[in-house]
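The following exercises introduce a structure step by step. Each task is followed by a worked solution.

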Amino acid sequence: MRARRGKSSKPVLIVVLLCIAALAALLYSPPGRAPIASAAALDLFPAEPEIRVLLRVLKTGESLRIGSKPLAVSAAGSQGTLAPESLLEWNGQQLVMGTAALRLPARIAPEAGTRLELGDGRWPGELEVLQDGAVLRLILRVPFEEYLAGVVQAEMGPTFADAALEAQAIACRSYAANQIATQKSRAWDVDTTQLTQVLRGDRQPGRKVRRAVELTRGLVLTWNGRLLEGVFSAVCGGRTRSSGEAFGGTTVPPLSGRECGHCRAAPFHEWSASRDRTEVATALGCGEILGLGAMTFTQTERLASVVVHCQSGPVDVSGSRMKRALGTAARSTWITLLEMDGTLIRANGRGHGHGVGLCQHGAGHLASRSGWSAADILAYYYPTAELARLYTP
Ligand SMILES: [Zn+2]
């Protein structure tokens with residue numbers, strides 16, 4: 001009996017297990033895998049370009065520590081190698097490095113194979129120093145792909161799965177290439193802050209991040225044959241929003257927003273913030289806050305405006321202004337509750353960042369838990385976008 005039962009139940013068990021596996025595969029297979037597979041030649045640049053990164057602005061009397069290795073310097077036609085000095089100083093008239101006064105514009109390159117030590121970090125590329133009225137602009141000239149390795153390290157980092165890092169690299173490359181293409185009238189393309197993309201001198205790109213950048217070398221997002229700005233934010237909170245709603249201007253279909261639902265486990269998917277009522281009042285220039293009135297919301301439920309009853313009368317405050325007034329604990333304008341509670345103003349909200357484009361923690365989840373590729377992730381967060389090659393490798 002035991003042997004017969006064993007023989008007859010095994011195939012049934014296998015069939016049941018196969019059915020469960022097939023069902024699981026069906027449930028976890030990403031929708032719409034196909035649309036971003038091709039990589040046509042965009043050839044916006046003949047070869048890998050250099051990107052100009054605004055590192056610092058020096059005002060008169062300010063100085064900055066500079067590297068410990070010999071530096072090759074070219075300044076307004078003259079060239080030479082200077083011994084490393086401890087300070088780069090701007091006195092309003094001259095750029096002084098040690099005992100030498102450098103004519104401007106100047107270019108300072110580190111010893112081959114090393115990074116430029118400047119301020120509290122080590123930076124890729126060479127330093128260009130330009131005078132702009134009373135200030136000096138310190139601009140890094142960095143090979144594009146090397147810059148991207150630094151940006152992906154700072155913006156996402158090696159704790160994320162490979163496919164998420166590759167998607168991030170393509171998004172960052174698309175954003176930065178768009179900056180190079182559109183910022184020709186000024187002396188730099190990007191800075192090192194969240195205003196563009198973060199680059200940090202104290203975090204060097206590791207092997208995992210470099211691999212993601214190398215695997216996607218030259219790949220960018222396009223829409224309708226044009227370069228797409230690869231905007232991204234940390235946590236969308238459940239739904240990404242349109243670029244027009246967040247930044248103004250025209251919204252193209254890949255940046256029109258979509259449901260996410262993959263960042264639920266992320267920090268700040270939901271958050272609470274509270275701040276002293278007088279501090280919020282000061283931040284709003286309100287005198288004293290007597291009460292909060294009607295709130296209006298955008299299409300994607302972000303706070304558009306709230307009426308604040310100040311001593312002098314009601315004031316219409318925008319959602320982004322209220323977010324700033326609540327302090328750093330308020331992570332986005334997706335504010336679901338705003339109330340006065342004794343001496344405090346309290347807020348509940350969702351998401352971290354502006355919420356447009358790729359949701360970084362959603363991408364991380366899709367890569368690590370659902371096995372999505374970079375192309376799947378990009379097709380999901382930038383629907384109808386395509387991949388293209390920015391230059392021939
Ligand atoms: Zn999300």
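**Exercise 1: Val280 and its surroundings**

Task: Determine which residues Val280 touches, not counting residues up to four places away in sequence.

Solution. Val280 touches Arg275, Ile289, Ala325, Leu326 and Ile345 when residues up to four places away in sequence are not counted; two residues are in contact if their C-beta atoms, placed from the backbone, lie within 7 Å. The model is a predicted one, in which local features need pLDDT of at least 70 and side-chain atom pairs count only at pLDDT 80 or more, while totals for chains, interfaces and linings use all residues. Residues are numbered from 1 along each chain as its sequence is written.

Next, locate the residue: Val280 lies in helix 6. Helices (H or I, at least four residues) and strands (E, at least two) are DSSP runs, numbered from the N terminus.

Then consider burial. Val280 is buried, because 22 other C-beta atoms lie within 10 Å. A residue is buried if 20 or more other C-beta atoms lie within 10 Å of its own, exposed if 12 or fewer, and partly exposed in between, with C-beta atoms placed from the backbone.

Finally, the C-alpha atoms of Val280 and Leu344 are separated by 8.8 Å, although the two residues are 64 residues apart along the chain.

**Exercise 2: A helix and an open sheet**

Task: State in which order strands 19, 20 and 21 form their sheet, and describe how helix 7 is placed.

Solution. The three strands form an open antiparallel sheet in the order 19-20-21; two strands pair if DSSP finds at least two bridges between them. Strand 19 (289-297) and strand 21 (313-318) are at the edges with a single partner strand each, so one side of each has no neighbour in the sheet. On average, neighbouring strands of this sheet are turned by 20° against each other, direction ignored.

Strand 20 (residues 303-310) pairs with strand 21 over six bridges in the antiparallel sense. Val306 stands opposite Val317 in strand 21.

Now add the helix. Helix 7 (residues 319-326) lies across strand 20 and strand 21, at about 95° to strand 21. Axes are lines fitted to C-alpha atoms, for helices over the stretch in contact, and angles run from 0 to 180 degrees between N-to-C directions.

The buried residues of helix 7 are Gly319, Met322, Lys323, Ala325 and Leu326. They are on the same side of helix 7, because they cover an arc of only 165° around the axis; the arc is that of the directions from the helix axis to the C-beta atoms. Among the elements that cover these buried residues are helix 6 (277-284), strand 18 (270-276) and strand 22 (335-341). Just after helix 7, Gly327 takes a positive phi of about 95°.

**Exercise 3: The largest nonpolar core**

Task: Identify which members of the largest nonpolar core touch the most other members.

Solution. This core has 84 residues, of which Val53, Leu148, Val152, Ala164, Ala167, Ile377 and Leu378 touch the most other members. A nonpolar core is a set of buried Ala, Val, Leu, Ile, Met, Phe, Trp, Tyr and Cys residues joined through C-beta atoms within 7 Å.

Helix 3 (residues 162-182) gives the largest share of the core, 11 residues. The core lies between domain 1 (60-133) and domain 2 (146-263 + 356-389), because both give residues to it; the domain bounds come from an automatic or database domain assignment. A second, separate core of 16 residues includes Leu303, Val317, Ala325 and Ala330.

Helix 4 (residues 207-215) is examined next. Its buried residues are Val209, Arg210, Ala212 and Val213. They cover an arc of only 160° around the axis, which puts them on the same side of helix 4. These residues pack against helix 2 (144-155) and helix 3.

**Exercise 4: Backbone exceptions**

Task: Determine which peptide bond is cis, and whether Asn224 is buried or exposed.

Solution. Most residues other than glycine have a negative phi, and most peptide bonds are trans. The bond from Leu104 to Pro105 is cis, with omega near 0°. Pro105 is found in the loop between strand 8 (100-102) and strand 9 (106-110).

Asn224 has a positive phi of about 55° although it is not a glycine. Asn224 lies in the loop between strand 15 (219-223) and strand 16 (226-227), and is exposed, with 11 other C-beta atoms within 10 Å.
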